[in-house]
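Student: Please take me closely through one loop of this structure and the parts that follow it. I am new to it, so explain each term as you go.

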Amino acid sequence: MPNQSVSLDRVFHALADPTRLTVLERLSHGPATVGQLAESFGMALPSFMQHLGVLEAARLVTSSKSGRVRTYELAPGSLKPAERWMMEQRTVWDRRFNQLDQFLYQLKEKKK
């Protein structure tokens with residue numbers, strides 16, 4: 001579980017930034033070069049490259065280099081661990097809400 005926790009931390013950290021979310025959305029339409037991705041952001045290239053590094057460290061994107069051009073694309077299945085974790089949490093909370101609902105119903109019946 002500790003390995004999964006580190007992975008989830010990186011994924012959620014990467015998704016917490018609007019710039020990185022925009023990059024992921026752009027990459028959902030297909031691969032793009034660093035220049036193509038950076039052109040819509042008003043920031044210095046080194047700062048933008050840090051965002052790409054965070055996405056790559058979280059394994060949300062992969063990159064390849066051909067000559068001097070680096071191209072990024074979405075990593076297939078990269079959100080599966082986060083999706084699995086959220087489904088597990090949803091199951092826990094659904095169960096808790098059902099227990100609360102039953103408790104409140106019993107409380108209401110006792111007052112009658």
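**The loop and the sheet beyond it**

Tutor: Arg59 sits in the loop that lies between H4 and E2, where helices (H or I, at least four residues) and strands (E, at least two) are DSSP runs numbered from the N terminus. What you see is a predicted model, in which local features need pLDDT of at least 70 and side-chain atom pairs count only at pLDDT 80 or more, while totals for chains, interfaces and linings use all residues. Residues are numbered from 1 along each chain as its sequence is written, and side-chain values use heavy atoms, with hydrogens and water left out.

The phi of Arg59 is near 60 degrees, which is a positive value in a residue other than glycine. Arg59 is also exposed, with a relative accessible area of 66%; exposed means over 50%, buried means under 20%, and partly exposed lies in between, using a 1.4 Å probe and protein chains only.

On the helix side of this loop is H4, which covers residues 45-57 and includes His51. In contrast to the loop residue, His51 counts as buried, at 14% relative accessibility. Leaving aside residues up to four places away in sequence, His51 touches Asp17, Thr19, Arg20 and Met43, a contact being heavy atoms within 4.5 Å.

On the other side of the loop comes strand E2, residues 61-66, which pairs with E3 in the antiparallel sense over six bridges; two strands pair if DSSP finds at least two bridges between them. Thr62 has Glu73 in E3 as its bridge partner, and Ser63 has Tyr72 in E3. E2 and E3 form a hairpin with two residues between the strands, and there Gly67 takes a positive phi near 70 degrees.

E3, residues 69-74, is also joined by two bridges to E1, residues 32-33, and these strands run antiparallel. Here the bridge partner of Thr33 is Thr71 in E3. Together the three strands make an open sheet with the order E1-E3-E2 and antiparallel pairing. E1 and E2 stand at the edges with a single partner strand each, so one side of each is left without a neighbour in the sheet.

Stepping back from this part, the protein has five helices and three strands, and read along the sequence they follow the pattern α-α-β-α-α-β-β-α. The radius of gyration is 21 Å, well over the 13 Å that the globule rule gives for 112 residues, so the protein is more spread out than a compact globule; this radius is taken over C-alpha atoms, and the rule is 2.2 Å times the number of residues to the power 0.38. Along its principal axes, the C-alpha trace spans about 75 × 30 × 20 Å. Buried residues, such as His51, make up 23% of the 112 residues. Of the contacts with a separation of 6 or more, 51% come from residues 24 or more positions apart.
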